[in-house]
Amino acid sequence: MKIIKKLIVGNWKMQLQSYKEAEKLAAAILKSAQKLKNVETVLCPPFVYIQALRSRVYEVKMGAQDVFWEDKGAFTGEISPAMLKNSKVKYAIIGHSERRRHLGETDEMINKKVRAALKSGLNVILCIGETLKERKRKQTKSVLRRQLHKDLADVRHYSLLHTPYALTIAYEPVWAIGSGLPETPQNADSVAGFIRQELCKILSPKLGKGIRIIYGGSVNSKNIGGYLVMPSISGALVGGASLGARDFGKILKIANNAA
Ligand code: PGA
């Protein structure tokens with residue numbers, strides 16, 4: 001029987017001020033990761049470290065924290081899907097709530113990024129989630145529905161979607177990110193079930209069923225196990241806890257045993 005591996009993504013954000021620090025952390029994580037065959041590990045360092053880390057830690061997959069929608073041109077400061085592909089990057093996080101909030105990324109921009117990334121063969125990790133205000137107003141479902149429909153507009157016919165893992169949805173309630181207040185595994189699982197229903201409508205029942213849904217928001221080595229036993233959750237997007245080799249190593253081990 002084929003083992004379905006859990007997906008654990010470390011999002012380093014704009015932490016780690018030097019390549020030296022990044023390399024040290026990556027090397028320590030690699031020590032844990034290379035022994036584990038039943039977990040898919042993805043590291044998402046800041047862009048400037050990707051190329052050098054790629055050659056250092058070839059056993060784990062490399063991801064980017066963002067990507068632009070054009071392949072080349074006069075777009076100061078941006079990084080294209082082609083550049084990432086050529087740097088052997090496999091995944092791109094798109095639509096993280098920090099980019100939506102601090103950089104004004106709209107669902108229209110996110111949709112362009114998702115389409116460009118998929119077209120160029122990058123695996124997309126699309127982040128969606130409601131704010132605390134929206135949660136209190138009981139708007140979680142309507143917010144997620146809107147984000148999914150807009151962010152995934154016109155991707156249904158992309159042939160890459162028929163390959164496994166081209167698209168992963170990360171459910172990240174904004175209020176749970178970096179707050180130490182995670183959503184409960186039960187609630188996250190029920191939201192993941194709702195996301196799956198919407199994916200089946202937006203894409204097709206067949207495609208919708210095959211897409212991985214992961215949870216993110218204050219995940220650590222103590223609580224990860226609870227998410228991974230949930231039927232609709234296939235892994236986690238980890239921020240703070242991915243910056244400590246010990247904690248992240250434990251997360252990877254737990255995920256490896258949960259497969
Ligand atoms: P956190 O971040 O694990 O620090 O809450 C998660 C994320 O932003 O992806």
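The paragraphs below lead through a predicted model of a single chain, from its overall dimensions to its central strands and then to a few individual residues.

The chain holds eleven helices and eight strands. For 259 residues, a compact globule would be expected to have a radius of gyration near 18 Å, and the 17 Å of this chain agrees with that expectation. Along its principal axes, the C-alpha trace spans about 45 × 45 × 40 Å. Of the 259 residues, 53% count as buried, while the accessible surface of the chain comes to about 12,500 Å², with 55% of that area belonging to carbon and sulfur atoms. The contacts show how the chain is connected along its sequence: if one takes those between residues at least 6 apart, 72% join residues that are at least 24 apart. As for charge, the chain carries 42 positive and 21 negative charges, and the mean positions of these two sets are 6 Å apart.

A set of parallel pairings links the strands from β4 to β8, and it can be followed one strand at a time. Strand β4, residues 91-94, pairs with strand β5, residues 123-128, in the parallel sense over four bridges, and within this pairing Tyr91 stands opposite Asn123 of β5. On from there, β5 is joined to β6 by five bridges, and these two strands also run parallel; here Ile128 stands opposite Tyr171 in β6. Strand β6, residues 167-171, is in turn joined to β7 by four bridges, again with the strands running parallel. Tyr171 has a bridge partner in β7 as well, namely Tyr215, so that Tyr171 takes part in the pairing on either hand, given that strands count as paired through the bridges between them. Finally, β7 and strand β8, residues 235-238, pair in the parallel sense over two bridges, with Gly216 standing opposite Leu237 in β8.

Two of these strands can be examined for how far they are covered. In β5, six of the six residues are buried, and the strand is accordingly described as mostly covered. Neither face of β5 is left open: Asn123, Ile125 and Cys127 on one side are buried, as are Val124, Leu126 and Ile128 on the other. Strand β7, residues 212-216, has five of its five residues buried, and it is therefore largely enclosed by the rest of the structure. Its two faces are likewise covered, with Arg212, Ile214 and Gly216 buried on one side and Ile213 and Tyr215 buried on the other.

Beyond the strands, two threonines offer a view of the surroundings of β5 and β6. Thr131 has its place in the loop between β5 and helix α6, the latter formed by residues 132-136. With a relative accessible area of 29%, Thr131 is partly exposed, and once its neighbours within four places in sequence are set aside, Thr131 is in contact with Val174 and Trp175. The C-alpha atoms of Thr131 and Glu172 are 9.6 Å apart in space, although 41 residues separate the two in sequence. Thr140, by contrast, lies in helix α7, residues 140-151, and counts as buried because its relative accessibility is 11%, which falls under the 20% limit. When residues up to four places away in sequence are not counted, Thr140 touches Glu130, Glu134, Arg135 and Tyr171; Tyr171 is the residue of β6 already met opposite Ile128.

Two loop residues deserve attention for their backbone angles. Most residues other than glycine have a negative phi. Asp154 has a phi near 65°, a positive value in a residue other than glycine, and Ser218 likewise has a positive phi, near 60°. Where do these residues lie, Asp154 in the loop between α7 and β6, and Ser218 in the loop between β7 and helix α10, residues 224-228? Those are their places, and their surroundings can be set side by side: Asp154 is exposed, with a relative accessible area of 60%, whereas Ser218 is buried, with a relative accessible area of 17%.

How values were computed. Residues are numbered from 1 along each chain as its sequence is written. This is a predicted model: local features need pLDDT of at least 70, side-chain atom pairs count only at pLDDT 80 or more; totals for chains, interfaces and linings use all residues. Side-chain values use heavy atoms; hydrogens and water are left out. The radius of gyration is taken over C-alpha atoms; the globule rule is 2.2 Å times the number of residues to the power 0.38. Buried means under 20% relative accessible area, exposed over 50%, partly exposed in between (1.4 Å probe, protein chains only). Contact means heavy atoms within 4.5 Å. Accessible areas come from the Shrake-Rupley method with a 1.4 Å probe; for residues, only the protein chains shown count as cover. Lys and Arg count as positive and Asp and Glu as negative; His and the chain ends are not counted. The place of a charge is taken as NZ of Lys, CZ of Arg, CG of Asp or CD of Glu.
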